[in-house]
Each structure stands twice: as C-alpha cells, then as structure tokens.
Amino acid sequence: MTITISSAFDAGNIRVVGQSGDTVDLEIVKDHMSDFHQWFHFRLAGAGGREVTLNIVNCGSAAYPDGWPDYKACLSLDREDWARIPDTSYADGTLTIRFTPETDLVWIAYFAPYSMERHHDLVSTLAALPGVEYRSLGKSLDGQDIDCLTFGEGDLTVWLYARQHPGETMAEWWMEGALEKLTDPDDPIARVLRRDCTFHVVPNMNPDGSRRGHLRTNAVGVNLNREWHAPSAEKSPEVLCVRGAMDETGVDFAMDVHGDEAIPANFLAGFEGIPSLTPDQSRLFALFSDTLQRLSPDFQTRQGYEILPAGQANMSMSTTQLAERFGCVSMTLEMPFKDNFDLPDEVYGWSPERSKYLAGSCLDSLHAILPELHKARANKAELEKAEA
C-alpha cells in the first residue's frame, strides 16, 4: 500500500516535498503572511507494520531551532492519547522521525493538538453550568468569536487567557484543567476562589491561527503578543476586544498561558522592567512563584527568560502592559514542548494531562496568596483615594 500524508483538517500543517518508498520528505508550512513556522500536525495512512522514515527538512529555518534538540514528536492512533516517538532526531536542519505504525492510520503532531471543535465543546459545556456567564468579546479576522467565560462573585478581578500563540496547544489543555477545577462545586479551593474572585477566562485568543495550523500568528501573520500597546481592528482585533473588556472590569491578577519550544521546564515570566513597578507587585509575583514551586514538583524557578532592568520592559506584550496599565500582578506561564527534564516522562513527555495538573497547582497557589492580594487591592484603593 502506498503511504499517503494529509493535513487538510482543523489545525493541520505539513507539505510533502518528496517520497521514495517508505521514506517521505516534508516541510512545515509557514504561518500565512509570516515567516514563522514550527507547528506540524498531519495524518499518515497506509504504512501499518512497516518502518517509516519522515524527514521534516526545513526545521533549521523554523522560528526556534533550539526547540529541536532533545525533542520527540507526538503520535496518536485515536487522536485522544498522544505518546512520544523515541526515534526522533535532529541534525543539519532536518527533524527525522522513524517508527513502525501499529495501524494503517496514525496522527503525528508537534504537541497534542487542541482543535477548535474541542474548544467549542469545552466552551459549550462550561456555559451550560449554573453561575457561568458566556459572552463573545468580539470577532477575529476570520469571523470567529473570542469566547469569554465569567463566574465568581468576589471583589478580586482575575483574568486567565491562553493561546495568543496558537501552536502552543498545551496552553488550552491547561485552560481545560483550570476550568474543570474552578467550576467543580465540591472543590473547596474552587469554592473559596469563586467567593473571593470574579474570573474572566478566554481559553483561546487566537482561533484563526489555531484552525489554520499556525505556530505564532493570526490570520494576517500578526503576533498578538506584540500588539497590546496599540491593538487595531485591522491587524489584531483579538487583542483589541480582550484589552477593551479588561479596561471595563479592571484587573487584580492576570495569567497569560503559553508554551516554550526550547526550555525543558515550566517557568514564569514577569514584568520587572515596567516604568511604574511597585513593591506590592514585585512581592506578589515572587510570593506566587515561590508558592507554586512549593506546591508543584513540575514547576521551577532556576530556568527562564532574562529579567530586564527597570524601564526596559517590552510594553507591547500583555503581561507588562497589564501590570503597567492596572498596577496588577500579571505573569506569563510557559510550559515545555519537550518535557520537564527535572521530572521526565519517557512515554508521554510534557502532556495534556500534566498541563491540566499544573493548572490545578496554579489555582491552589492563587488561593494561597488571596489574603495578600486583598491587602494589595486595599493599598491601591487608599493610594488612589489620596491622589484624588
């Protein structure tokens, strides 16, 4: 039987450039109107029981070539369970994947996909629960809704949002875990969080890029996480509508959920370089980070991004823009495409399940710092009153 490869489906991305027997040369398709490429997702048919060699030949020019060493591709027989392919290697700009499919139809991806269909199932299920309000914050350039779920009755305003970069699918797996926990009527942590906080949750900020199989950009090749200083209806309506909704509610705590191609660890990035950094902001960020490290063996603080000096923050990014705009504590959570090398899983690597567990630990950490968040909110109100 002849091998066939296709990607003409939700979040699919690959192009066949050559084939000789059971060896196939492939290329990752660039994001539309952009040079970004790294996400791949395709199905392979007709090779059950035969060793296959797949060469993705343009990985050297990918957005983050440091993401390929030590990386293992993901494989699924049923699109539910995604294991790693051990014989994945990178050399001279080519990612080579060798394996023997168990069946005549298998699926291969950069990370376990989170389809728009699953997204709609998630949003619909949550919107039907008592106490959960659904609203569309606006439309993407392809006409898809920017879905937002709101619940809770507390004074603290919490925004959770994910997948500004659509290929970082672990971010929406994290969201699924967070929403399941937060809406559990029997979970005592969730009950306190809903009592003390009002949550606004945007599970997917970039539905166009998600459906198109992009790594990092929206329908017109724009990186949404470089638009927060000046979003526009023409280039970044997704950011424009979310930031507008935040302006209406205010923000006390915000988490932007991402994935990192190169660093084999979970870590946080903060807002240290913003112009008006306050002691309360720095203290709360450190407290949350230290608490999460204590609660989750999958989180660490040794590895991460460079901390910028005062006044040198990139204000086009959401975490820094929100910290400056609202005086809140905001952060970017990064999860690995590879694995947490401090606590590795040779079969699954970093996975949807582990992303969901980390979401639970993040919410436990938020619960632990609630008293300090209340104090910081009171301090800010007193300062604003004095200045008025």
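**View 1. Helix 1 against the sheet in the predicted model**. Helix 1, formed by residues 116–127, lies across strand 11 and strand 12. Its direction makes an angle of about 30° with that of strand 12 (145–152).

**View 2. The open sheet of seven strands**. The strands follow the order 11-12-14-13-15-17-16, and their pairing is mixed. Strand 11 (133–139) and strand 16 (267–269) stand at the edges; each has a single partner strand, so one side of each is left without a neighbour in the sheet. From one strand to the next, the twist averages 25°.

**View 3. The pairing of strand 13 with strand 14**. Strand 13 (residues 156–162) and strand 14 (residues 197–202) run parallel and are joined by six bridges. Within this pair, tyrosine 161 of strand 13 stands opposite valine 202 in strand 14.

**View 4. Helix 5 across four strands of the sheet**. Helix 5, comprising residues 237–249, lies across strand 11, strand 12, strand 13 and strand 14. It runs at about 130° to strand 11. The length of helix 5 can be checked against its residue count: at 1.5 Å a residue, its 13 residues should span 18 Å, and the end C-alpha atoms are 19 Å apart, which agrees. Just after helix 5, glycine 250 takes a positive phi of about 75°.

**View 5. The buried residues of helix 5 and their cover**. Pro237, Glu238, Val239, Cys241, Val242, Arg243, Ala245 and Met246 are buried in helix 5. The elements that cover these buried residues include strand 11, strand 12 and strand 13. Helix 4 (207–212) and helix 7 (318–326) are also among them.

**View 6. Aspartate 70, a residue other than glycine with a positive phi**. Most residues other than glycine have a negative phi. In aspartate 70, phi is near 70°. The residue is placed in the loop between strand 5 (52–56) and strand 6 (74–76). With a relative accessible area of 56%, aspartate 70 counts as exposed, because the cut-off for that class is over 50%.

**View 7. Arginine 163, with a positive phi in a loop**. Phi of arginine 163 is near 60°. This residue lies in the loop between strand 13 and helix 2 (170–182). Is arginine 163 buried or exposed? Its relative accessible area is 2%, so arginine 163 is buried, the cut-off for that class being under 20%.

How values were computed. Residues are numbered from 1 along each chain as its sequence is written. This is a predicted model: local features need pLDDT of at least 70, side-chain atom pairs count only at pLDDT 80 or more; totals for chains, interfaces and linings use all residues. Side-chain values use heavy atoms; hydrogens and water are left out. Two strands pair if DSSP finds at least two bridges between them. Helices (H or I, at least four residues) and strands (E, at least two) are DSSP runs, numbered from the N terminus. Axes are lines fitted to C-alpha atoms, for helices over the stretch in contact, and angles run from 0 to 180 degrees between N-to-C directions. Contact means heavy atoms within 4.5 Å. The expected span of a helix is 1.5 Å times one less than its number of residues. Buried means under 20% relative accessible area, exposed over 50%, partly exposed in between (1.4 Å probe, protein chains only).
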